[in-house]
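Thank you for making time for this today. I would like to take us slowly through one structure, a few places at a time, so please keep the picture in view while I talk.

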Amino acid sequence: ETLDLMGMASSIYGDIVNGIRYYGEGIAAFRELGDTRNLISSLTSRLAYSSPILLEASVSSLRTWEDCARDSEEALRLALQIGWPAARSYAEFATASVRVGFGDLGTGYMHGYEALRIANEIGHQQWIAAAHSTLGQIYLVMYEPGLAIEHLQQALALSRSVGSQWWAGLNSAILAMTHLLNNDLASAEATLKAAMPGQQRPRDLPERRMLLAWGELALVQGAPQDALQIANRLIESAPGELPQAQPIPALLKLKGEALTTLRRMPEAETALQEAKLGALERGARPLLSQVHVSLGCLYILLKRQDEAEREFAAGRGLIQSLAATISDVQLREHFSVAALRQIPGETAAPSRRAAQHTEKGPCGLTARELEVLRLVASGKSNRQIAEELSLSERTVENHLTSIFGKTRTDNRASATAFAIHNKLA
């Protein structure tokens, strides 16, 4: 039991490597004792802290999907065998998070709903919150911000009502990232301010994810230096590092995109290549597809078209592979379209693309939006754009939201790549 608690404490803190080690020792002891209930709990906790999604801002133990599948199968089987529905719900949402992190979106989505069904059936408030949180994370990965927000708002309210700081922090981080996907910067900032100041030193895994969300927000708001500083803070403060520094792909992706916006291209390429290596090591296929696209956008800026096309082709192939795991036709088609939008010029057919070049500009951009886009492509921050065009920063943010929507991009780097692709910059 002490080993199990050390596993939980280490993992909550963010020291995942030691946390998984403690769980492994505890599992061996529970097997020897024949203690089925504690064995189920430790197996499921080890499974949960192996999820590539959960560990976006932390070092990973680099467990494979095969390792995780064994924990999942055994925990679910034993929980059913002894008739313990709360343990089944826990194992179901842990399985959902791990499957989606490795790229099995469709099966993960079904496990998430099964976790919610069981938790509702037995009235387990914390696991109801956890299941809603997991489904919100899944819908975020699937580019369904509306559905994600619906689940995450319920998860956040429930986690606060049961007094769970862990779930409240985690849900705030995921909800903020979902608002960013929805280009709702004001809601993202309000969610984070209510949960944790951006200057606070992160003390645990949820707070590390909240700080990552602050970094993503800074990048979209046109403050790449702040985003870079946050990425470096998180990389340097990651607890439980392995003997050789392990690349943390989500943090390196943020760092690379911030450096791209700052036009520090060699450093940006290094960071994004390390992010790609880290995502490959973890088997984090949804994140890997995004890193390929970020690298492609960087290579367009560097006018290295062949390398850009190779990265986009790799990202496209991963997106198609991820979509194939989703059995629901509507969800699958929406995911494919939304994910492919991240690749400049990808979604529109030639005839439609030609039709989009109206008298207003490509994709219906207004004259003012074209001005803003050109200044973004030249590397200017929101404040610099506001000063140059005699606008407020909020007006510039509104123009950027409209530009991202019309050009089917979601950040400054991909919008800049769009501008170059369409000869606007």
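Before anything else, please keep in mind that this is a predicted model. Let me begin with a charge and a ring: the charged end of Arg21 sits over the ring of Tyr22, at 4.6 Å from the centre of that ring. A second case of this kind involves Arg37, whose charged end sits over the ring of Trp84, 3.8 Å from its centre.

Staying with rings, how many aromatic pairs does a search of the whole structure find? The search finds 11 of them. One of these is formed by Phe93 and Trp167, which meet edge-to-face, with 5.9 Å from centre to centre and 80 degrees between the planes. Phe93 belongs to helix 5, residues 85-102, while Trp167 belongs to helix 9, residues 165-181, so this pair ties together parts that are 74 residues apart in sequence. Both Phe93 and Trp167 are buried, and ring pairs also link the two of them into a cluster with Tyr23, Tyr49, Tyr90, Trp127 and Trp166.

Now let us turn to helix 2. With 18 residues, from 16 to 33, and 1.5 Å a residue, helix 2 should span 26 Å, and the 25 Å between its end C-alpha atoms agrees with that. Which residues of helix 2 are buried? They are Ile16, Gly19, Ile20, Tyr22, Tyr23, Gly26, Ile27 and Phe30. Around the axis these residues cover an arc of only 160 degrees, which means that they lie on the same side of helix 2. If you look for what covers them, you will find, among other parts, helix 1 (2-13), helix 3 (36-48) and helix 11 (205-220). After helix 2 comes Gly34, and the phi of Gly34 is positive, near 70 degrees.

A quieter place to look is Ser51, which you will find in the loop between helix 3 and helix 4. Is Ser51 buried or exposed? Its relative accessibility is 0%, and because buried means under 20%, Ser51 counts as buried. Leaving aside residues up to four places away in sequence, Ser51 touches Ser97 and Val98.

That brings me to charged side chains. As a general point, side chains of opposite charge can pair when their charged atoms come close. Across the whole structure, a search finds 21 salt bridges, and I will pick out a few. Arg63 forms one with Asp71, where the closest N and O atoms are 2.9 Å apart, and both Arg63 and Asp71 are buried. Asp104 and Arg99 also meet through their side chains in a salt bridge, at 2.6 Å from N to O. Glu307 and Arg304 form another, at 2.7 Å from N to O; here Glu307 is partly exposed at 24% relative accessibility, and Arg304 is partly exposed too, with a relative accessible area of 27%. Salt bridges can also join into a network, as they do for Arg88, Glu114, Arg117 and Glu121.

My last stop is Glu397, in helix 21, residues 393-407. With a relative accessibility of 16%, Glu397 counts as buried. What does Glu397 touch, if we do not count residues up to four places away in sequence? Its contacts are Leu185, Gln221 and Asn382.

Technical notes. Residues numbered from 1 in each chain as written. Heavy atoms only, no water. Phe/Tyr/Trp six-rings, centres within 6.5 Å; stacked < 30°, edge-to-face > 60°. Helix = DSSP H or I, 4+ residues; strand = E, 2+ residues; numbered from the N terminus. Buried < 20%, exposed > 50% of the residue type's maximum accessible area, 1.4 Å probe, protein only. Lys NZ or Arg CZ within 6 Å of the ring centre and 35° of its normal. Expected span 1.5 Å × (residues − 1). Arc of directions from axis to C-beta. Contact = heavy atoms within 4.5 Å. Salt bridge = Lys/Arg side-chain N within 4 Å of Asp/Glu carboxyl O.
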